[in-house]
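Student: I should like a close look at a single part of this structure, namely the place where side chains of opposite charge are paired. Please set that part in its surroundings as well.

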Amino acid sequence: MVSGMAFLVVYLTASWAVTGKPLGGSIMGTRVVNRHGRRLGFSLALLRALIVVVFPIGLLWCAVNAGGRSIQDVALRTRVLYDYDIATSYVVSDTVSD
């Protein structure tokens, strides 16, 4: 269990520090930014990852927060933005070819 949590911290830290979004963020079209709208630095990404892994229920706070921010976002002054990348978007056509 500890090794799984350690892996998750490393994965989330690297994802948020390098691209701003882990795989789920890429699929959902979201990314995490700091209070200035830029990608998280390594230390802030590590701190956010530690809080998310140790206190995951804090993510549910976004359901009742007026701004849609989790406890982690409020505490660290980060924000999750919608950021759809057109190059990686998938378009599904509803037409049928004969």
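Tutor: A salt bridge is here a side-chain nitrogen of Lys or Arg within 4 Å of a carboxyl oxygen of Asp or Glu. The model under discussion is a predicted one. By that criterion, a search of the whole structure finds one salt bridge. Its partners are Arg-48 and Asp-73, whose closest N and O atoms are 2.7 Å apart. The pair links distant parts of the chain, since Arg-48 belongs to helix 3 and Asp-73 to helix 4, with the two positions 25 residues apart in sequence. In general, side chains of opposite charge can pair when their charged atoms come close. Both Arg-48 and Asp-73 are buried.

The overall arrangement gives the setting for this pair. The chain contains four helices and two strands, and from the N terminus on its elements follow the order α-α-β-α-α-β. Of the 98 residues in the chain, 28% are buried. Among contacts between residues at least 6 apart in sequence, 52% join residues at least 24 apart.

Asp-73 has a further partner in Thr-78. The side chains of Thr-78 and Asp-73 are joined by a polar contact of 2.6 Å. Thr-78 is located in the loop between helix 4 (71-76) and strand 2. Thr-78 counts as buried because its relative accessibility is 0%, and the cut-off for that class is under 20%. Leaving out residues up to four places away in sequence, Thr-78 touches both members of the salt-bridge pair, Arg-48 and Asp-73, as well as Val-32, Val-33, Leu-40, Leu-44, Arg-69 and Gln-72.

The residues on either side of Thr-78 also deserve attention. Arg-77 is placed in the loop between helix 4 and strand 2. Although Arg-77 is not a glycine, its phi is positive, at about 60°. Most residues other than glycine have a negative phi. Arg-79, by contrast, lies in strand 2. Arg-79 counts as partly exposed because its relative accessibility is 38%. Apart from its neighbours within four places in sequence, Arg-79 is in contact with Asp-73, Arg-69, Arg-31, Val-32 and Val-33. The C-alpha atom of Arg-79 is separated by 7.0 Å from that of Arg-35, although the two residues are 44 apart along the chain.

The paired residues also have a place in the largest pocket, which holds about 450 Å³ of space. Its lining consists of 26 residues, and those nearest its centre are Thr-30, Arg-48, Leu-59, Asp-73 and Val-80. Both partners of the salt bridge are therefore among the residues that lie nearest the centre of a pocket, as pockets are defined here. The lining divides into 13 nonpolar, seven polar and six charged residues. At least two lining residues come from each of helix 1 (2-18), helix 2 (23-28), strand 1 (30-33), helix 3 (42-54) and strand 2 (79-82). Strand 2 supplies the largest share, four residues.

Some loop positions complete the view. Gly-29 is found in the loop between helix 2 and strand 1. Gly-29 is buried, because its relative accessible area is 3%. Its C-alpha atom is separated by 4.6 Å from that of Tyr-84, a residue 55 places away along the chain. Beyond its neighbours within four places in sequence, Gly-29 is in contact with Leu-81, Tyr-82, Asp-83 and Tyr-84.

Lys-21 occupies the loop between helix 1 and helix 2. Lys-21 counts as buried because its relative accessibility is 17%. Setting aside neighbours within four places in sequence, the contacts of Lys-21 are Ser-15, Trp-16, Ser-26, Thr-30, Arg-31 and Asp-83.

In the loop between helix 3 and helix 4 lies Phe-55. Phe-55 counts as partly exposed because its relative accessibility is 39%. Not counting neighbours within four places in sequence, Phe-55 is in contact with Ile-71 and Gln-72. Phe-55 and Ile-71 are 16 residues apart in sequence, and their C-alpha atoms are 9.3 Å apart.

To return to the part requested, Arg-48 and Asp-73 form the salt bridge, both residues are buried, and Asp-73 also shares a polar contact with Thr-78.

Terms used
Residues numbered from 1 in each chain as written. Predicted model: local features only at pLDDT ≥ 70, side-chain atom pairs only at ≥ 80, totals over all residues. Heavy atoms only, no water. 1 Å grid on protein atoms, 1.4 Å probe; cavity = no way out; pocket = protein on both sides within 12 Å on 5 of 7 lines; lining within 4 Å. Points joined across faces, edges and corners; volume = space filled by probe spheres on them. Nonpolar A, V, L, I, M, F, W, Y, C, P; charged D, E, K, R; others polar. Buried < 20%, exposed > 50% of the residue type's maximum accessible area, 1.4 Å probe, protein only. Polar contact = N/O pair within 3.5 Å; in protein donor to acceptor, adjacent residues only side chain to side chain. Contact = heavy atoms within 4.5 Å.
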